[in-house]
Amino acid sequence: MDTYQQRSDDLSAEPPIQCEACRTALFVGGQTRDALSFLLVDELTVPLVGCDEHVEQFAATCGLTTRGSADLLQHRPAGGIQCPSCRLAVRNPTQPMIPVADGAVVVPACPEHQADTVDRFQIGLQTRHQLTTTLNASRPG
Ligand SMILES: [Zn+2]
Ligand SMILES: [Zn+2]
């Protein structure tokens, strides 16, 4: 047996983004600070880049993972970004894109908080999937 495996984690392949507004935000507006939104969830304050619709969807999905609220600001929060590494990361243009439905958002945060945020998003997606499945499954018959 050969242990060779076809690896599909080719990070250089960018996911196709159907949403034109996201593409504009990511590739054009993403270079300006005006395109930043800020997600406030629990202790996290993370910047997000994407179109309004998909940034909101991302934030709402993250909000499923907290009992508190997930707030989305279209402006820099009063306290600013707490984490100094996140503040630097905002200026780093090579951040991975996270697919959101037919769009994508970028989380220009430090690796730690980026992972935190992406984790929340994944858990939120699962939570929403379970909610949907439960609703469907609860139908008699
Ligand atoms: Zn979009
Ligand atoms: Zn950080």
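This is a short talk on how one predicted protein model is put together, from its overall layout to a few individual residues.

Hello everyone, and thanks for coming. Please keep in mind that everything here comes from a predicted model.

Let's begin with the layout. The protein has four helices and five strands. Starting at the N terminus, the order of elements is α-β-β-α-β-α-β-β-α. The protein is 141 residues long, and 30% of those residues count as buried. If you take the contacts with a sequence separation of 6 or more, 66% of them link residues 24 or more positions apart.

Now to the strands, and to β1 in particular. Strand β1 covers residues 36-41, and five of its six residues are buried, so the rest of the structure largely encloses it. What does β1 pair with? One partner is strand β2, residues 44-49, which runs antiparallel to β1 and is joined to it by six bridges. As an example of the register, L36 has V49 in β2 as its bridge partner. The other pairing I'd like to show you is with strand β3, residues 70-73, where four bridges join the two strands, again antiparallel. Here L40 stands opposite D71.

Let's look at the turn between β1 and β2. This hairpin has two residues between its strands, and D42 takes a positive phi there, near 50°. That is a positive value in a residue other than glycine. Is D42 buried or exposed? Neither quite fits: D42 has 14 other C-beta atoms within 10 Å, so it counts as partly exposed.

There is a second hairpin to put beside that one, made by β4 and β5. These strands pair in the antiparallel sense over four bridges, and P99 has A104 in β5 as its bridge partner. The β4 and β5 hairpin has two residues between the strands, and the residue with positive phi, near 50°, is A101. A101 is not a glycine either. Because A101 has 13 C-beta neighbours inside 10 Å, it counts as partly exposed.

While we are at β4, have a look at its side chains, which alternate along the strand. I98 and V100 point to one face and are buried, whereas M97 and P99 point to the other face and are not buried.

That brings us to the interior. The largest nonpolar core has 30 residues, and the ones touching the most other members are L39, L48, F58 and V105. Which elements give two or more residues to this core? They are α1 (20-27), β1, β2, α2 (52-63), α3 (84-89), β4 (97-100) and β5 (103-106). To get a feel for one of these positions, click on V105. Leaving aside residues up to four places away in sequence, V105 touches L48, V49, G50, H54, V55, F58, I98 and V100.

I've kept helix α4 for last. α4 has 27 residues, which at 1.5 Å a residue should span 39 Å, and the C-alpha atoms at its ends are 38 Å apart, so the two values agree. Which residues of α4 are buried? They are H113, Q114, T117, R120, F121 and G124. The cover over these buried residues includes β1, β2, α2, α3 and β4.

Let me pick two residues from this helix, Q114 and R128. Q114 lies in α4, which spans residues 111-137. Q114 has 20 other C-beta atoms within 10 Å; the cut-off for buried is 20 or more, so Q114 counts as buried. Beyond the residues up to four places away in sequence, Q114 touches V107 and A109. Q114 and C86 are 28 residues apart in sequence, yet their C-alpha atoms are 8.7 Å apart.

R128 is also in helix α4. R128 has 13 C-beta neighbours inside 10 Å, so it counts as partly exposed. Again leaving aside residues up to four places away in sequence, R128 touches T61 and L64. R128 and T65 are 63 residues apart along the chain, with their C-alpha atoms separated by 9.8 Å.

To recap, we have seen β1 joined by bridges to β2 and to β3, a largest nonpolar core of 30 residues, and a helix α4 whose buried residues include Q114. Thanks for listening, and I'm happy to go back to any part of the model.

Methods. Residues numbered from 1 in each chain as written. Chains lettered and ligands numbered in written order. Predicted model: local features only at pLDDT ≥ 70, side-chain atom pairs only at ≥ 80, totals over all residues. Buried ≥ 20, exposed ≤ 12 C-beta atoms within 10 Å, placed from the backbone. Pairing = 2+ DSSP bridges. Core = buried A, V, L, I, M, F, W, Y, C linked by C-beta atoms within 7 Å. Contact = placed C-beta atoms within 7 Å. Expected span 1.5 Å × (residues − 1).
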